[in-house]
Amino acid sequence: MEEMEEELKCPVCGSFYREPIILPCSHNLCQACARNILVQTPESESPQSRRASGSGVSDYDYLDLDKMSLYSEADSGYGSYGGFASAPTTPCQKSPNGVRVFPPAMPPPATHLSPALAPVPRNSCITCPQCHRSLILDDRGLRGFPKNRVLEGVIDRYQQSKAAALKCQLCEKAPKEATVMCEQCDVFYCDPCRLRCHPPRGPLAKHRLVPPAQGRVSRRLSPRKVSTCTDHELENHSMYCVQCKMPVCYQCLEEGKHSSHEVKALGAMWKLHKSQLSQALNGLSDRAKEAKEFLVQLRNMVQQIQENSVEFEACLVAQCDALIDALNRRKAQLLARVNKEHEHKLKVVRDQISHCTVKLRQTTGLMEYCLEVIKENDPSGFLQISDALIRRVHLTEDQWGKGTLTPRMTTDFDLSLDNSPLLQSIHQLDFVQVKASSPVPAIPILQLEECCTHNNSATLSWKQPPLSTVPAEGYILELDDGNGGQFREVYVGKETMCTVDGLHFNSTYNARVKAFNKTGVSQYSKTLVLQTSEDTDSEEQTLPFPVPSERLPLRRMSPFSSTLNLQPSFPGRSYFDFRSSPHQLSLHSSLQSLNAPVAWFAFDPGSAHSDIIFSNDNLTVTCSSYDDRVVLGKTGFSKGVHYWELTIDRYDNHPDPAFGVARMDVMKDMMLGKDDKAWAMYVDNNRSWFMHNNSHTNRTEGGIAKGATIGVLLDLNRKTLTFFINDEQQGPIAFENVEGLFFPAVSLNRNVQVTLHTGLPVPDFYSSRASIA
């Protein structure tokens, strides 16, 4: 039960919730704390002014963060939300939990109203201290938020279970154990306080005093408050609105905004959601059990690392002492190396223990809280929080499944001291980093008689040296980018012949190969230089003999001459791996003037941020986070003209998705274009900007909505990047002088879903314009 305590505390005051209310984001606040963090908004942002302007925005609409650019010094169209216009001039304080609390701008007049009924300042806004989502209150103020009766009941049971020995509620310093409870006053007294504060005379003589245990039971059996409708305060909830996912009363169905919505019986939905939460908890319970076993494994690893460290240090000291005085100068240095490795291993494992312990405590707390919620008998109160709890349980379970229960460090010290060198070589004495149980394979030999090029393909063959006695488990073939750049793995596997398609025409490539086994990797072979053909009609070029017809090489097929697919390498796969295209036969003849073959590709889950959600064979993406996350395409471009489109499947709350191109090492946890590795256009429902290295340029009117189409045209022949919205060019040419290897890229949050469309020809008007130029 102790792990659940954090779930029961207000994020503002840090104490147990008192009269908690539920915000639209499913988080809770004390009613008094909610009033303390209210902030007045500019008049133009009030719901009244929005209704007067005919915008049709609901009273609890979340603030459009991009609108805050109206109050910035330079209208870049994108900026971090720093509060409202009145916030900087309002003195603020910090609550015990670190949340900024803004007192009201004008001190409220003396009143006897409760916090829920006291009027709130006009045009007030409240920001959730947990997810930082902001919303403007309507005329009902805080009364418009439903009260979390289920949470109140869980807190009551938790506090009662913690208070095994009931204490006097009137003792000023160290509370004594209570001896009686007054049922009318609802107060526990010790004997001295009862005689002083509750004498048995006058009206108090008629009060009934009972033992503390009996008083606790009477408290627990007191009737629970019934949850009422926030719009019709005198009506109890009777049905459940499926569309809005909230309990409603019969007046909401007859005359309110739920009259045309699908509704179901409150009791049936209560049982259904309880069943869903119970099923989700079963999976989370298994993860928690695995986490406990994993923690035991990690603690055993700490002990084993310490034992291995002692043993290794003793061996090292013995070896160093045997080398007499000459080795004494090196001994301290080598011991330091071992101790550093020891501390590093311990630090990694202890950090993982700490991280896993915190996550397990949070998981256990959430499980206990959910179990207490399931015990609730208030259907409407339960349904108010069940959706959010189900999502939290699934999210927590997913977090345990992403390699969390795998040790990050081994217990062995992979260091071995070689004490065979002569005394004059002592100054070169160092650790051998890997304990070699067997030698590495010999260097492979490229067979020039079987290596050749044809059009934009290259076939390479290799073998082990004739006198080699060490077997190789596989080979790694590497090619550069055709421009003298760095080498990249294009094949990893057991074959000794490989054909790589999809190279650039009229380009010079460098190739090399190395062998590997369990012990390690051999050195590289000699580098072979390959020249591809000038065009698709060129004759075959061989070095210097043709490939024997009886040997069938492993092929890596691709009909494209200017696209490079950079996928993570693994056995049997090549970076040059494309889908077949119906344009393969007519590709270069129809678009030869632009050198722009059509490329098919999808989004790359391997390089995307973990919050990105993939579907539709990795052609459709969205995000689980409110923050912007980046996803790249699988195919990189370094030559030619390329065009692809993205359709907006979902667009809520006016976010700012960004579209463009990026390097492979672009930052994945921020908006595209924030760093110097991306070139992008970000757009909202009204306008767009171009952005690179956090520099905003060319604000252009015209935005997007659901169903809109974004076109991206990358012309690497002319070194330009251009954007289109619904087949119309958006602004001028966005970026010029773009050179290198670029990947299609998108950044979005949970309010946006897009679908990628590839294999598209370059727009006709651009083709004619390029041919004229």
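Which residue forms a salt bridge with Asp 652? Keep that in mind as we tour this predicted model; the last view gives the partner.

**View 1. The whole chain holds 11 helices and 41 strands.** Before zooming in, here is some orientation. Of the 773 residues in the protein chain, 47% are buried. The chain exposes about 39300 Å², and carbon and sulfur atoms supply 51% of that area. Among contacts between residues at least 6 apart in sequence, 65% join residues at least 24 apart.

**View 2. Six strands line up in an open, antiparallel sheet: the 6 strands follow the order β29-β40-β32-β33-β34-β35.** The edges belong to β29 (629-632) and β35 (695-701), each of which pairs on one side only. On average, neighbouring strands of this sheet are turned by 20 degrees against each other, direction ignored. Strands of a sheet pair through backbone hydrogen bonds. For a look inside the sheet, pick β32 (residues 658-662) and β40 (residues 743-748), which are antiparallel and joined by 5 bridges. Here Gly 660 of one strand has Ala 745 in β40 as its bridge partner.

**View 3. Strand β28 pairs with β27 and also with β41.** The β27 strand (residues 612-615) runs antiparallel to β28, with 4 bridges between them. Across this pairing, Ile 612 stands opposite Cys 623 in β28. The two strands form a hairpin with 4 residues between them, where Asn 616 takes a positive phi near 55 degrees. The pairing of β28 with β41 (residues 752-757) is antiparallel too and has 2 bridges; in it, Val 621 stands opposite Val 754. In a regular strand, side chains alternate between the two faces of the sheet. Along β28 (residues 620-623), Thr 620 and Thr 622 point one way while Val 621 and Cys 623 point the other, and all are buried.

**View 4. Ala 332 sits in helix α8, which spans residues 324-374.** Is this alanine buried or exposed? Ala 332 is exposed, because its relative accessible area is 53% and the cut-off for exposed is over 50%. A handy distance to check on screen is the one to Cys 320: the two residues are 12 apart in sequence, and their C-alpha atoms are 9.3 Å apart.

**View 5. Arg 149 and Glu 152 form a salt bridge within one helix.** Their closest N and O atoms are 3.4 Å apart. Both residues lie in helix α3 (residues 149-162), 3 residues apart, which is about one turn of the helix. Arg 149 is buried, and Glu 152 is buried as well.

**View 6. Arg 512 and Glu 478 meet in a salt bridge of 3.0 Å, N to O.** Arg 512 belongs to strand β22 (residues 508-516) and Glu 478 to strand β19 (residues 474-479), so this pair ties together parts that are 34 residues apart in sequence. Both of these residues are buried.

**View 7. Arg 650 is the salt-bridge partner of Asp 652.** That settles the opening question: the closest N and O atoms of Arg 650 and Asp 652 are 3.6 Å apart. Arg 650 is partly exposed, with a relative accessible area of 26%, and Asp 652 counts as partly exposed at 32%. Elsewhere, Asp 611, Asp 627 and Arg 629 are joined into one network by salt bridges that share partners. The structure holds 17 salt bridges, so there are others to explore under the 4 Å cut-off.

Key
Residues numbered from 1 in each chain as written. Predicted model: local features only at pLDDT ≥ 70, side-chain atom pairs only at ≥ 80, totals over all residues. Heavy atoms only, no water. Pairing = 2+ DSSP bridges. Axes fitted to C-alpha atoms, helices over the stretch in contact; angles between N-to-C directions. Buried < 20%, exposed > 50% of the residue type's maximum accessible area, 1.4 Å probe, protein only. Contact = heavy atoms within 4.5 Å. Areas by Shrake-Rupley, 256 points an atom, 1.4 Å probe, with all protein chains shown as cover. Salt bridge = Lys/Arg side-chain N within 4 Å of Asp/Glu carboxyl O.
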